[in-house]
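I pulled this one up to see how the copies sit together and what empty space is left inside. Notes follow in the order I looked things up.

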Number of protein chains: 2
Amino acid sequence: MGNENLTLLTDFYELTMMQGYFKNNTNDTVIFDVFYRTNPSGSGYSICAGLDQVMDYIKNIRFSQEDIAYLASLNMFDKDFLDYLVDFRFTGDIYAVPEGTVIFPMEPIVKVIAPIIEAQLVETAILNIINHQSLIATKASRVCYAAQGDGVMEFGLRRAQGPDAGTLGARAAVIGGCIGTSNVLAAKQYGMPVLGTHAHSWIMSFEDELTAFRTYADLYPDNATLLVDTYDTLRSGVPNAITVFKELKESGTMPKKYGIRLDSGDLAYLSKKARKMLDAAGFHDATIVASSDLDEYLIDSLKTQGAAIDSWGVGTNLITSKDCPAFGGVYKLAAIEKEGTFIPKIKLSENQWKITNPGNKKVYRIYDKESGKIKADLITMSYETYSEENPLKLFDPMATWKKTYLKAGTYSLRELLVPIFIDGKCVYESPAVMDIREYCQQELNTLWDETRRLVNPHDVYVDLSNELFQLKNQLLDNLNVNGHN
Amino acid sequence: MGNENLTLLTDFYELTMMQGYFKNNTNDTVIFDVFYRTNPSGSGYSICAGLDQVMDYIKNIRFSQEDIAYLASLNMFDKDFLDYLVDFRFTGDIYAVPEGTVIFPMEPIVKVIAPIIEAQLVETAILNIINHQSLIATKASRVCYAAQGDGVMEFGLRRAQGPDAGTLGARAAVIGGCIGTSNVLAAKQYGMPVLGTHAHSWIMSFEDELTAFRTYADLYPDNATLLVDTYDTLRSGVPNAITVFKELKESGTMPKKYGIRLDSGDLAYLSKKARKMLDAAGFHDATIVASSDLDEYLIDSLKTQGAAIDSWGVGTNLITSKDCPAFGGVYKLAAIEKEGTFIPKIKLSENQWKITNPGNKKVYRIYDKESGKIKADLITMSYETYSEENPLKLFDPMATWKKTYLKAGTYSLRELLVPIFIDGKCVYESPAVMDIREYCQQELNTLWDETRRLVNPHDVYVDLSNELFQLKNQLLDNLNVNGHN
C-alpha cells in the first residue's frame with residue numbers, strides 16, 4: 001500500500017543475477033518473451049490487460065538512496081554494483097499486445113529486448129501486473145458472456161486480495177466487459193462508472209424497512225433501487241418497495257431508474273415471484289438486480305431457469321477469479337545477442353508442450369475475410385514477412401500432417417505485437433479504460449461462438465511458421481547430440 | 001499502485017448511505033462486528049492478520065480536495081455533505097484481535113464503535129485488508145505445518161493478484177510461518193528475511209551449465225544453492241553441481257550453505273536420487289530445496305513418500321490461497337445507541353447459522369490450564385465478567401443440551417479483543433512482523449493436533465454466554481411476532 005516506487009518489486013534472485021552479470025562483465029542484449037500455457041477457468045481464450053501499469057512501472061524504475069542502503073545492508077552486494085544502480089534506467093525495447101486483445105496460449109504477448117541486467121530486473125513486476133489483470137479481464141468476459149448482454153457490475157472490493165487487487169482488478173473487470181464498479185477509488189482513478197445504492201445496515205438503522213425505503217427514495221430521486229432481502233423478501237421487502245413506488249408515482253416524482261435488489265435466497269424463484277408482484281402493481285419497468293456469490297455458471301443457470309433478473313452484481317468470484325486465481329504467464333529467454341546477431345535459445349522440458357519457442361519472433365493474427373472471425377495465429381521469426389496477396393499454408397506444430405491452405409483474398413493479417421518502448425523511451429499511449437473496454441468488445445466479436453462458450457470451448461490454433469519450426473527442431477537435435485550442452 | 005490515500009477505497013454505497021444519514025440528521029453511535037463464518041481451505045482455525053495496515057488506513061482518512069471534486073462531479077452529493085467531508089476524521093473506537101492470533105468462525109475479530117457515518121465509510125477497506133492477510137497467513141500456517149519444521153520460503157510474487165497482493169501477501173505469509181520471501185520490496189518494508197539465488201535464465205545465458213554454476217559459486221561464496229533442472233537434473237544438473245562442490249572443497253572455499261534446487265519433475269524420485277549422488281560424493285550437508293507448484297497437500301505427500309527435501313519454496317498456491325482465494329469476513333451491525341443505551345440489532349437469514357449475534361460483545365478464550373491448549377471460545381455481552389475463580393458452564397448454541405462444566409482452577413481465561421483506537425486516537429503499537437511471527441507460532445501451539453491437521457480437523461467450540469443466547473432468542477421472537485418489523 002502506498003508504494004509509488006516499485007523498483008524493488010522483484011524477486012531477490014533477479015538482483016543476485018544482475019550483480020552476477022555485472023561482475024562477470026556480461027551485459028549482452030537478450031530477448032525475453034512473456035507467454036502463458038493454459039487459459040484460466042477452462043476458457044477458450046484470454047484477454048490481455050495490465051500494459052498501462054507496466055508502462056508506469058518501467059518509466060519509474062529508479063533505485064532510491066533508501067533502496068540502495070537497504071541492499072547494502074544485506075551484505076551481498078559490492079559497492080561497484082550498488083554505484084551502478086544509482087543511475088540505473090531501463091534502456092531497452094518492449095513490444096506488447098494492446099490491452100483488451102484476445103490472446104491464446106504459447107504466443108508472445110510481451111517481448112523485452114534489453115541488456116540482460118535490465119531485462120532480468122523487470123521480469124517479476126511485468127509478470128505480476130500482466131498475470132493479475134489478464135486473469136480478471138478474462139474472468140469478467142466470461143461472466144458478461146453468461147449475462148447475455150445484461151449489465152454486470154463489479155462489486156468485489158471487500159474480498160479482493162488487498163487494495164491493489166480491488167482497484168486494478170476493477171480496472172481489468174471493466175476492460176473485460178463490466179459496466180462499472182462499486183470501488184470509488186478505482187472509478188476515480190481510471191474514469192469508470194461507479195455504482196451502488198445501500199446495504200442491509202441502512203435498512204437496519206431505521207425503525208422499520210418501509211421508513212428506510214422511503215427515506216432513501218426521497219434522498220436519491222434519480223435512482224430508487226431498493227434492497228429487499230433484509231427481513232423477508234416476498235412478505236416484507238417487495239411489498240414495501242411497491243408501496244414506495246406507488247407513493248412516488250402518486251406524487252409525480254417517479255425516478256427514471258427504479259427497482260429492487262435481491263442479495264440472498266433462491267434467485268430464480270424470488271426474481272420470478274417479485275417480477276409478478278411488480279407487474280401486478282403496474283411497475284413493468286422496475287428493474288431487478290441480483291447479487292449473491294454469482295459467477296458465470298450460476299448466471300448461465302439462472303438464465304436457463306428463466307430468472308427475471310435484469311442486471312447482475314458480481315463480487316468475490318470475479319475479483320479473485322475464484323475457480324482459477326492465477327494466470328500462468330511466464331518470462332522465458334528466447335535469444336542472446338553475440339556480435340550483432342541474436343543466437344536463439346531454447347528451454348527443454350520433459351513435456352513437449354512446455355518447450356519454449358526460440359529466437360526473435362512476432363505474431364500474426366489471421367482473420368477469415370468474410371466473417372471477420374479469427375482463423376488462427378501464426379508465430380514467425382521477426383525477419384519473415386507475410387502478405388495477404390499470397391496463399392498461406394499452415395500446419396499444426398504438434399501434428400504436422402494436419403495442414404490448412406488459405407487462398408489469397410480469403411484471409412487478412414494483423415501483427416499483434418506493437419512497440420511500447422524503444423531504446424528506453426515510451427512510444428505508446430494507452431487508451432482510456434472505457435475505450436479499451438470498447439475495443440475488447442470488438443475483439444471478443446472476432447471469436448467464433450464455439451470458442452466463447454463456457455465449457456469445452458473450441459481451441460484456436462496457434463501455429464509456427466516453417467522457419468521457426470525448423471529452428472526449434474534443430475536446436476532440440478543439437479541439445480540431444482551435445483548431451484544437454 | 002501508488003495510493004497513499006486510501007480514503008476512497010470504499011464501496012460507493014457507503015458514500016450514498018453516509019450522505020443519507022447526514023441529510024437525515026442520523027449520526028447515532030453504532031457497533032459493527034467483523035467476523036467470518038467458515039475457515040478457508042477446510043482448516044480448523046484461521047490466523048488473524050492485517051491490523052497494522054488497517055491502523056495506517058484509519059489514521060490517514062482524509063478526503064483530499066481532489067477526492068471531493070471527484071465526488072462533486074458525480075452529481076449525487078450536495079454541497080453541505082461535501083463540505084462536511086473536508087474535515088472528516090475517524091473519531092470512534094476500534095477493538096481487535098492482535099495479529100497472529102488463532103481465530104474461529106462467528107466470533108468478533110474487529111469491533112468498530114463510531115458514529116454511523118464514520119462506521120459505514122470504513123467497512124470496505126477494513127474487510128479488504130483483514131480478509132486478504134488473514135487468508136494468506138492461514139494458508140501459510142497450513143503449508144508450514146505440512147513441512148514439519150523445514151523452512152518454507154514465500155516465492156509467489158509473479159503470480160500474486162497485483163503488487164499489494166504480492167507484498168502484503170508476503171507479510172502475511174511470514175506471519176503465518178514462512179521463514180522469508182523472495183519479494184525484495186516486502187522484505188525491505190516489513191523487515192523480513194529475503195531469499196533467492198538464480199533462475200534458469202542464468203544457466204541459459206552461459207555457454208554451458210558447469211560454467212554457469214562455477215561463476216555463481218565464485219560470485220557468492222556464502223551460499224552456493226545451484227538450480228539443477230535446466231537441461232537434465234540427474235544426468236547434467238546434479239553431476240555438474242557435484243563437480244563445483246568438489247572444486248570448492250579442493251580450493252578450501254566451501255561455503256557454509258550449499259546445495260541444489262529442484263524446480264520441476266518428480267520431486268520424490270529426483271530428491272532421493274540426488275541425495276544419494278550428493279552423499280556418495282561426500283556432500284552429506286548439501287541441502288536440497290524444492291519448488292514447483294507446491295501446496296500443503298503435495299508437501300505432505302512428499303513427506304510421506306520420504307522425499308529427501310530440506311526446504312521448500314512455495315509460490316502460486318500460497319500467495320493466492322489457490323484452493324480458496326477469499327476469506328469471508330463480513331461487517332455486520334450489532335447495536336445502535338439511543339439515548340445513551342446500545343439497542344441490540346440482529347440480521348435474519350433463512351440459514352440459522354447465518355443469523356448474526358446482537359449487541360455489544362466481547363470474546364473470552366478458555367485454555368486448559370494443564371496443557372495450555374484452547375478448550376473453547378466464549379462470546380459474552382461486554383458488561384459480563386467472568387473469573388477463573390468460578391466454575392464455568394458452557395453449552396452449544398446450536399444444540400443446547402450439549403453442555404460442558406469446567407471446574408475452577410482447571411482453566412484460564414483471556415480476553416481476545418484489545419483496544420486499538422479510542423475516540424479516534426490510536427492506542428496500540430503494532431509489533432514488528434518477525435515478532436508477530438514468533439507470537440503466531442506460540443498461538444498455533446495452543447491448538448490441539450486434531451485441530452491443526454490438514455483434512456477433517458476437529459472444530460473448536462465458539463459458545464455464547466447465557467445472556468447473549470437469551471438476548472438473541474428474544475430478538476428473533478420479537479421479529480417473528482412483528483412480522484419482520
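**Notebook: annotated span, domains, copies, cavities**

I began with residues 152–323 of chain A: the C-alpha atoms at the two ends lie 19 Å apart, and the span is 47% helix and 15% strand. I picked that stretch since UniProt, in an unreviewed entry, places the feature "domain: Nicotinate/nicotinamide phosphoribosyltransferase" there. A reminder to myself that this is a predicted model.

Next I checked the domain assignment for chain A. It gives domain 1 as 12–136 + 325–481 and domain 2 as 197–292. I looked up the spacing too: the C-alpha centres of domain 1 and domain 2 of chain A are 49 Å apart.

Then the two copies. What rotation superposes chain B on chain A? I found 180°, with 0.0 Å of shift along the axis and an RMSD of 0.0 Å. The two copies are therefore related as by a two-fold rotation axis. I also compared the interface residues: 100% of those in chain B are interface residues in chain A as well, so the copies meet through the same surface.

On to the empty space. How many cavities of 30 Å³ or more are there? I count three cavities at that cut-off. The largest cavity has a volume of about 70 Å³. I listed its lining: A:Asp33, A:Phe35, A:Met106, A:Pro108, A:Lys332, A:Leu333, A:Ala334, A:Thr356, A:Asn357 and A:Lys361. Two elements of chain A, β1 (29–35) and β12 (330–338), each give two or more residues to that lining. Which element gives the largest share? It is β12(A), with three residues. Sorted by class, the lining of the largest cavity has five nonpolar, two polar and three charged residues.

Last, the second largest cavity, which holds about 40 Å³ of space. I find B:Asp33, B:Phe35, B:Met106, B:Pro108, B:Asn357 and B:Lys361 around it. By class, the lining of the second largest cavity splits into three nonpolar, one polar and two charged residues. I put the two lists side by side: Asp33, Phe35, Met106, Pro108, Asn357 and Lys361 line the largest cavity in chain A and the second largest cavity in chain B. For the largest cavity I also have A:Lys332, A:Leu333, A:Ala334 and A:Thr356 noted in the lining.

Conventions. Residues are numbered from 1 along each chain as its sequence is written. Chains are lettered from A and ligands numbered from 1 in the order in which they are written. This is a predicted model: local features need pLDDT of at least 70, side-chain atom pairs count only at pLDDT 80 or more; totals for chains, interfaces and linings use all residues. Side-chain values use heavy atoms; hydrogens and water are left out. On a 1 Å grid over the protein atoms alone, a cavity is a set of points where a 1.4 Å probe fits but cannot get out, and a pocket is an open set with protein on both sides within 12 Å along at least five of seven lines; lining residues have an atom within 4 Å of a point. Grid points are joined across faces, edges and corners, and a volume is the space filled by probe spheres set on the points. Helices (H or I, at least four residues) and strands (E, at least two) are DSSP runs, numbered from the N terminus. Ala, Val, Leu, Ile, Met, Phe, Trp, Tyr, Cys and Pro count as nonpolar, Asp, Glu, Lys and Arg as charged, and the others, Gly among them, as polar. Domain bounds come from an automatic or database domain assignment. Copies are superposed by least squares on the C-alpha atoms of residues with pLDDT of at least 70 in both. Contact means heavy atoms within 4.5 Å. UniProt positions are given in the numbering used here, feature names are shortened, and annotations may be inferred rather than shown by experiment.
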